[in-house]
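User: I'm new to this one and would like to get my bearings. Could you walk me through it, one question at a time?

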Amino acid sequence: MAGKKKPGPAKSPIGRRVRTMLDARCIEEAEGIIDAVISAAKCGDISAAQTLLNRIYPPRRGCLITFEQFPVNDAKDIRLAYDHYERLAADGKISTDELGQLTALVERKAKAFELIEQERRIQELEDQISELKAGLMPRVA
């Protein structure tokens, strides 16, 4: 049996039964647990209060920034927006991480413009096909 590993606790039949039993108990006791945490928070238990606040109002993953936004109204503005945001990073007004996030936003707008253009071209081709069909179909009197 060399080289064979024992299944982990969650994969073994006993581990699955314990997990299922624990899940069922948590569901049965959920209301009481929630009431106890709320009560503890009201009585000054900082850990309970932090648990509740983190659930209600999760901590931010990043920080808020203010920057000069470049308006991207059409595909021609994409390159100008990249240049604008690179200049902000070069001047130290935004970090390189923030530059990455801003350029990702610009890339999403660029993709949207591409899709709009593709949709316009498809519609134009469908209209041409319809016109051709109408011209080639015999007219019924």
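**Salt bridges, core and pocket**

Analyst: Let's start with a contact: Arg120 forms a salt bridge with Glu117, and their closest N and O atoms are 2.5 Å apart. Keep in mind that this is a predicted model.

User: Which helix holds Arg120 and Glu117, and how far apart are they in it?

Analyst: The two residues are three apart, which is about one turn of the helix. Arg120 is partly exposed at 41% relative accessible area, and Glu117 is partly exposed too, at 30%. The helix that holds them both is α4.

User: Which residues are linked with Glu117 in a network of salt bridges?

Analyst: We've already met one pair, Arg120 with Glu117. The network takes in further residues, and its full list is Glu117, Arg120, Arg121 and Glu124.

User: How many salt bridges does the structure hold?

Analyst: The Arg120 and Glu117 contact is a salt bridge, and so is the meeting of the Arg19 and Asp23 side chains. Counting over the structure gives a total of seven.

User: How many helices and strands are there, and in what order do the elements run?

Analyst: The protein has four helices and zero strands. Reading from the N terminus on, the order is α-α-α-α.

User: Why are Arg19 and Asp23 separated by about one helical turn, and what is the N to O distance in their salt bridge?

Analyst: Both sit in helix α1, and because they are four residues apart there, about one helical turn separates them. Arg19 is exposed, with a relative accessible area of 55%, whereas Asp23 is partly exposed at 35%. Their side chains meet in a salt bridge with an N to O distance of 3.4 Å.

User: What about Arg79 and Asp83: which helix are they in, and what is the N to O distance of their salt bridge?

Analyst: They lie four residues apart in helix α3, so about one helical turn separates them. Arg79 is exposed at 54% relative accessible area, while Asp83 is partly exposed at 37%. The N to O distance in their salt bridge is 2.8 Å.

User: Is Met21 buried or exposed, and which residues make a nonpolar surface patch with Met21?

Analyst: Met21 has its place in helix α1, which covers residues 13–42. Its relative accessible area is 55%, so Met21 counts as exposed, the cut-off being over 50%. The patch has an area of about 310 Å², and the partners of Met21 in it are Ile14 and Val18.

User: What share of the protein's residues is buried?

Analyst: Buried here means under 20% relative accessible area. The protein has 141 residues. Of these, the buried share is 12%.

User: Which residues make up the largest nonpolar core, and which helices each supply at least two of them?

Analyst: This core has 10 residues: Val72, Ile78, Ala81, Tyr85, Leu88, Ile94, Leu99, Leu102, Val106 and Ala110. The helices that each supply at least two of its residues are α3 (77–90) and α4 (96–136).

User: How much space lies in the largest pocket, and which element gives the largest share of its lining?

Analyst: The lining is made of Phe67, Gln69, Phe70, Pro71, Val72, Asn73, Tyr85, Leu102, Leu105, Val106 and Lys109. Among them, Val72, Tyr85, Leu102 and Val106 also belong to the largest nonpolar core. The space in this pocket is about 150 Å³, and the largest share of the lining, four residues, comes from α4.

User: Is Lys109 buried or partly exposed, and what separates its C-alpha atom from that of Asp74?

Analyst: Lys109, one of the pocket-lining residues, has its place in helix α4. At 39% relative accessibility, Lys109 counts as partly exposed. Lys109 and Asp74 are 35 residues apart along the chain, and their C-alpha atoms are separated by 8.7 Å.

User: Back to Glu117: how many residues along the chain lie between Glu117 and Ala75 as a separation, and what is the C-alpha distance?

Analyst: Glu117 is found in helix α4 and belongs to the network of salt bridges with Arg120, Arg121 and Glu124. Along the chain, Glu117 and Ala75 are 42 residues apart. Their C-alpha atoms are separated by 9.7 Å.

Notes: Residues are numbered from 1 along each chain as its sequence is written. This is a predicted model: local features need pLDDT of at least 70, side-chain atom pairs count only at pLDDT 80 or more; totals for chains, interfaces and linings use all residues. Side-chain values use heavy atoms; hydrogens and water are left out. A nonpolar core is a set of buried Ala, Val, Leu, Ile, Met, Phe, Trp, Tyr and Cys residues joined through side-chain atoms within 4.5 Å. Buried means under 20% relative accessible area, exposed over 50%, partly exposed in between (1.4 Å probe, protein chains only). Patches are made of residues with over 30% relative accessible area and no salt bridge: like charges are joined within 9 Å, nonpolar side chains (Val, Leu, Ile, Met, Phe, Trp, Tyr) within 5 Å. Accessible areas come from the Shrake-Rupley method with a 1.4 Å probe; for residues, only the protein chains shown count as cover. A salt bridge is a side-chain nitrogen of Lys or Arg within 4 Å of a carboxyl oxygen of Asp or Glu. On a 1 Å grid over the protein atoms alone, a cavity is a set of points where a 1.4 Å probe fits but cannot get out, and a pocket is an open set with protein on both sides within 12 Å along at least five of seven lines; lining residues have an atom within 4 Å of a point. Grid points are joined across faces, edges and corners, and a volume is the space filled by probe spheres set on the points.
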